[in-house]
Amino acid sequence: MDYDKAARELVNMQLVYSKPLCKFADLISSRGEEQVLLLLYFRNAPACAGDFAVCLGLTSGRVANLLKQLERKGYIMRISDAKDRRKVQISLTEEGKQYACKVYEKTLCEYKSLFAQLGDQDAQEFMRVLKLGVHLLNQHEGLFRE
């Protein structure tokens, strides 16, 4: 394979198809309010703000803003540590759990639709390549930091 040619083709696709690629990237790697809710939902236990920053690759300021918005909407609550009042755990409210469940179901539907459009063989190949890509990026995480 000509890797230089493939890299150029990918860059050209990014330029020509920027909008759909951004939509696709958003679909598979949301890093906003909904992702925070889903992380709490599947964790099924309180978490500290730093956990979100590390897991989602966000700054502490961005996480603070997300948590403020989610608290304002009534989806999360902050629980102070009894031993150390400076430590705060974030937990889902009942309304937050219900909303996170809806977000999860909506995301599943979007993925199922994508896979149906791809067909069995292409969907399997897509998942194989995506898993490999995530693995490689994770191995070389330091190379891709901003």
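**View 1. Arg-128 and Glu-125 pair up through a salt bridge.** Their side chains come to 2.8 Å, N to O; a salt bridge here is a side-chain nitrogen of Lys or Arg within 4 Å of a carboxyl oxygen of Asp or Glu. This is a predicted model, where local features need pLDDT of at least 70, side-chain atom pairs count only at pLDDT 80 or more, and totals for chains, interfaces and linings use all residues. Residues are numbered from 1 along each chain as its sequence is written, and side-chain values use heavy atoms, leaving out hydrogens and water. Both partners sit in helix H7 (residues 120-139), 3 residues apart, about one turn of the helix. Helices are DSSP runs of H or I with at least four residues, numbered from the N terminus. Arg-128 is partly exposed, with a relative accessible area of 46%, and so is Glu-125 at 38%. For these labels, buried means under 20% relative accessible area, exposed over 50%, and partly exposed in between (1.4 Å probe, protein chains only).

**View 2. Arg-8 and Asp-4 make a salt bridge within helix H1.** The closest N and O atoms are 2.8 Å apart. Look along the helix and you'll find the two residues 4 apart, about one turn. Arg-8 is exposed at 52%, while Asp-4 is partly exposed at 45%. In total, the structure holds 6 salt bridges.

**View 3. A nonpolar patch sits on the surface.** Leu-10, Val-11, Met-13, Leu-15, Val-16, Tyr-17 and Leu-21 make up its area of about 670 Å². Patches use residues with over 30% relative accessible area and no salt bridge, joining nonpolar side chains (Val, Leu, Ile, Met, Phe, Trp, Tyr) within 5 Å and like charges within 9 Å. Helix H1 (residues 3-16) chips in the most, with 5 residues. Val-16 belongs to that helix and is exposed, at 60%.

**View 4. Tyr-41, Phe-42 and Tyr-104 form one aromatic cluster.** The whole structure has 4 aromatic pairs. In one of them, Tyr-41 meets Phe-42 edge-to-face, 5.3 Å centre to centre with 90° between the planes. Rings of Phe, Tyr and Trp (its six-membered ring) pair if their centres lie within 6.5 Å; planes under 30 degrees apart count as stacked, over 60 as edge-to-face and the rest as tilted. Tyr-41 is partly exposed, at 28%.

**View 5. Asn-44 has a positive phi.** Most residues other than glycine have a negative phi. Asn-44 isn't a glycine, yet its phi is about 55°. Find it in the loop between helix H3 (33-43) and helix H4 (49-56), where Asn-44 is exposed at 65%.

Notes
Accessible areas come from the Shrake-Rupley method with a 1.4 Å probe; for residues, only the protein chains shown count as cover.
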